[in-house]
2 protein chains.
Amino acid sequence: MSVTLKDVAQAARVSVSTASRALTGTGLTSDRTQQRLVRIARELGYRPNPIARGLKTGQSRLVALLVHNLTNASFQVMAEVVQARLKALGYQMLLCIGGDDPQQESDTLTTLVDHRIDGLIVVPTGKNGAQLKTLAKDVPIVCLVRRDDATDLETVLADDPQGAYLGTRHLIELGHTRIGLIVGRQDTTSGRERLSGYVRALREAGIARDDTLIHAGHYVPETGASCCRKLLDLSRPPSAIFVANHEATLGVLRVTAERNIAIPDDLSLLCYEDMPWFEWHRPAISIVDNGARDLANLAVDRLLHRMDAKGNGSEGVREYRVGARLIKRDSCRQVDTPAPARSAKPKSSSSKSSAAKSAKA
Amino acid sequence: MSVTLKDVAQAARVSVSTASRALTGTGLTSDRTQQRLVRIARELGYRPNPIARGLKTGQSRLVALLVHNLTNASFQVMAEVVQARLKALGYQMLLCIGGDDPQQESDTLTTLVDHRIDGLIVVPTGKNGAQLKTLAKDVPIVCLVRRDDATDLETVLADDPQGAYLGTRHLIELGHTRIGLIVGRQDTTSGRERLSGYVRALREAGIARDDTLIHAGHYVPETGASCCRKLLDLSRPPSAIFVANHEATLGVLRVTAERNIAIPDDLSLLCYEDMPWFEWHRPAISIVDNGARDLANLAVDRLLHRMDAKGNGSEGVREYRVGARLIKRDSCRQVDTPAPARSAKPKSSSSKSSAAKSAKA
DNA sequence: CTGTTAGCGCGTTCAT
DNA sequence: ATGAACGCGCTAACAG
């Protein structure tokens with residue numbers, strides 16, 4: 001069916017071992033036979049069998065990427081980046097979808113090590129720390145986007161505290177003082193950190209934290225919808241909403257559409273993580289970009305590093321941050337600051353703001 | 001490091017082969033030892049090594065899915081479906097991204113067979129027919145969404161002729177007579193078929209085909225933008241645009257936004273293939289659904305079938321169609337038919353319906 | 001029903 | 001520098 005090393009050896013009238021050495025380039029062969037074998041192998045269309053090689057070497061040229069889903073735009077670009085990077089190095093990517101479900105994650109992990117993957121980039125649920133820790137002894141692992149607190153694995157994180165801070169500050173600078181926050185579950189790294197960034201920006205601006213403006217929930221559109229409704233139903237609703245829970249964005253958009261709320265005229269909207277259509281949407285949606293591409297690239301870098309330095313356990317930096325950045329588009333507008341209510345906390349009753357036309361640039 | 005079959009055999013005081021038979025369940029062992037071995041294996045935490053097994057059996061429990069990208073929403077759901085289905089059967093999905101690039105596709109294909117994949121579902125570029133044909137001798141292959149005309153591989157297609165027909169007819173029924181079409185490359189199955197469906201609907205309605213209204217192009221947003229501009233710049237621009245090139249949709253939306261064209265008031269818009277945000281968009285975008293989920297499921301079914309019936313070459317049906325369906329939302333509106341310019345086939349002249357407010361249901 | 005033997009394709013000792 | 005022999009972990013022939 002397919003030509004084996006033996007075939008090449010026979011054609012070249014050498015032993016399999018010489019053929020092996022010549023083709024793997026261990027340098028223990030004369031240049032002449034080396035080149036001859038390479039040529040013959042190519043002529044015969046020889047392709048080394050990764051299975052057989054793997055059985056011997058314990059490697060598979062397979063690297064796994066385990067993410068929660070493919071709907072999340074960040075995971076999409078990460079998958080594409082990882083696949084491209086790895087392919088260039090002769091690895092095949094094994095993309096797995098864990099659904100943010102601990103059980104599924106656990107199952108997948110065992111399957112993966114069964115297949116003797118050479119490396120793993122994982123967005124952990126956080127519930128399988130023990131298992132991950134064990135696996136890490138056998139195979140290089142890099143955590144991405146989320147940290148698993150039960151482990152001390154090398155981790156590549158977005159700079160969520162900064163991102164949320166930047167976004168919130170942006171809204172504050174536009175004059176908003178009541179800023180709704182819809183954020184992810186507080187048992188996840190990003191959920192907590194984005195909240196903290198939001199709080200910090202508020203505190204710096206001397207704005208009192210109002211917990212009725214803060215909603216945390218699961219990573220689904222429905223979260224966005226229900227939280228958004230709650231915010232809008234407040235006696236004093238926010239003038240801006242910061243949707244720092246990526247998947248909740250759709251729900252928020254639905255509710256604002258349902259209620260005929262004009263963005264940004266009636267409500268400013270800032271989202272976290274880009275989606276391809278955000279910039280084509282009308283109005284184009286301003287975002288805090290988490291740098292998915294950079295995150296993936298860095299994760300690959302770190303993984304390759306650990307795969308090279310095989311055997312090395314723990315040493316040096318174990319956590320990296322990829323900076324976030326604010327991308328202003330058209331979904332946030334300047335509002336009248338009724339009065340520089342900065343002193344202690346005597347907000348001036350924001351009577352009413354006639355019409356601050358959308359300041360587009 | 002990990003416990004092998006030998007370890008289990010020793011612990012049970014039997015030979016490796018007995019252990020193998022007992023655990024693989026070939027039934028050639030006494031029930032007693034069978035169960036005993038299963039128990040011992042579990043106690044020891046034995047996990048069979050797929051690499052070693054693969055070397056022997058020539059199988060890998062790996063099934064590849066090769067798509068063009070992950071941005072296309074259809075490919076996303078296909079990937080998720082395929083992964084879920086396969087995992088349930090003990091296979092691992094090897095997701096590969098070919099970028100609709102023949103060279104990349106070719107490279108990936110060879111890598112995949114190197115890894116001795118047990119099956120392949122591929123969205124072919126159409127330029128590697130010969131290679132696919134060769135590979136098909138070694139591994140079951142099912143083509144998805146696109147046909148590779150150079151092969152006679154089993155193929156699961158969307159019913160694009162019907163989908164395009166349904167969509168076009170919908171617009172016609174709403175009173176549109178000048179319907180712009182932005183469609184995919186004519187060297188692809190779907191590109192051609194969608195055009196044909198559009199043409200058929202027009203013909204049935206007795207509307208003359210106007211080639212200035214028809215644009216075909218590559219699967220990128222830019223295509224949508226430039227084609228959309230051309231359509232709008234026509235002396236007699238269309239009252240509706242059917243974007244039957246999925247990835248071009250974003251470009252169309254941008255242009256309409258740039259030009260401040262209200263949808264559906266100024267222009268009706270119908271798109272092909274759903275995206276998660278279409279229904280949250282404002283207005284919610286009507287679409288022709290290609291049934292990505294069904295397509296993927298059927299492809300998996302067919303692949304599994306061929307993987308079971310190993311050795312069987314060609315027999316029976318080789319092409320399947322998954323029906324398309326129209327999903328009406330809010331981006332298409334009824335228009336006044338200015339005058340029954342219908343001579344040829346005098347359908348009932350529905351002279352005018354002054355203001356048929358967007359028929360929302 | 002079980003144990004022995006052989007070999008999948010390759011890398012890596014040993015010798016030479 | 002090269003060849004012979006061994007074994008990775010497992011399954012599938014063959015005997016018994």
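**Strands, cysteines, cores and a helix**

Analyst: Sugar or phosphate accounts for 62% of the atoms of DNA strand D within 4 Å of the protein, and bases for the rest. This is a predicted model, where local features need pLDDT of at least 70, side-chain atom pairs count only at pLDDT 80 or more, and totals for chains, interfaces and linings use all residues. Residues are numbered from 1 along each chain as its sequence is written, chains are lettered from A and ligands numbered from 1 in the order in which they are written, and side-chain values use heavy atoms, leaving out hydrogens and water.

User: What makes a residue count as being around DNA strand D, and which ones come nearest?

Analyst: One of its heavy atoms has to lie within 4 Å of the strand. There are 25 such residues, and Thr18(A), Arg21(A), Leu5(B), Tyr46(B) and Arg53(B) come nearest. By class they split into 7 nonpolar, 12 polar and 6 charged. Here Ala, Val, Leu, Ile, Met, Phe, Trp, Tyr, Cys and Pro are nonpolar, Asp, Glu, Lys and Arg are charged, and the others, Gly among them, are polar.

User: Why does Lys56(A) get a polar contact with a base nitrogen of DNA strand D?

Analyst: The cut-off is a pair of N or O atoms within 3.5 Å (within protein, one must be able to donate a hydrogen and the other to accept it, and residues adjacent in sequence count only if both atoms are side-chain atoms). A polar side-chain atom of Lys56(A) is 3.4 Å from that nitrogen, so the pair qualifies. Ser17(A) also reaches a base nitrogen of strand D, at 3.2 Å, while Ser20(B) has a polar side-chain atom 3.0 Å from a phosphate oxygen of strand D.

User: What about DNA strand C: which residues come nearest?

Analyst: Out of 24 residues around strand C, the nearest are Leu5(A), Tyr46(A), Arg53(A), Ser17(B) and Thr18(B). The side chain of Arg53(A) puts an N or O atom 2.8 Å from a phosphate oxygen of strand C, and the side chain of Lys56(B) has one 3.3 Å from a base nitrogen of strand C.

User: How do you know that there are no disulfides?

Analyst: A disulfide needs two cysteine sulfur atoms within 2.5 Å, and the count over all chains is 0. Take Cys228(A): its nearest cysteine sulfur, in Cys227(A), is 8.7 Å away, so the pair fails the cut-off. Cys271(A) fails too, because the sulfur of Cys332(A), its nearest, is 8.3 Å off.

User: Why is Cys228(A) called buried?

Analyst: Buried means under 20% relative accessible area, exposed over 50%, and partly exposed in between (1.4 Å probe, protein chains only). Cys228(A) sits at 0%, so it is buried. Cys271(A), also at 0%, counts as buried.

User: What makes a nonpolar core, and which residues have the most contacts inside the largest one?

Analyst: It's a set of buried Ala, Val, Leu, Ile, Met, Phe, Trp, Tyr and Cys residues joined through side-chain atoms within 4.5 Å. The largest has 104 residues, with Phe242(A) and Phe242(B) making the most contacts inside it. A second, separate core has 62, including Phe75(A) and Val300(B).

User: How do you know that the span of helix α9 of chain A agrees with what's expected?

Analyst: Helices are DSSP runs (H or I, at least four residues; strands are E, at least two), numbered from the N terminus. The expected span is 1.5 Å times one less than the number of residues. For the 16 residues of α9 (residues 189-204) that gives 22 Å, and the end C-alpha atoms are 22 Å apart, so the two agree. Gly206(A) follows α9(A), with a positive phi near 75°.
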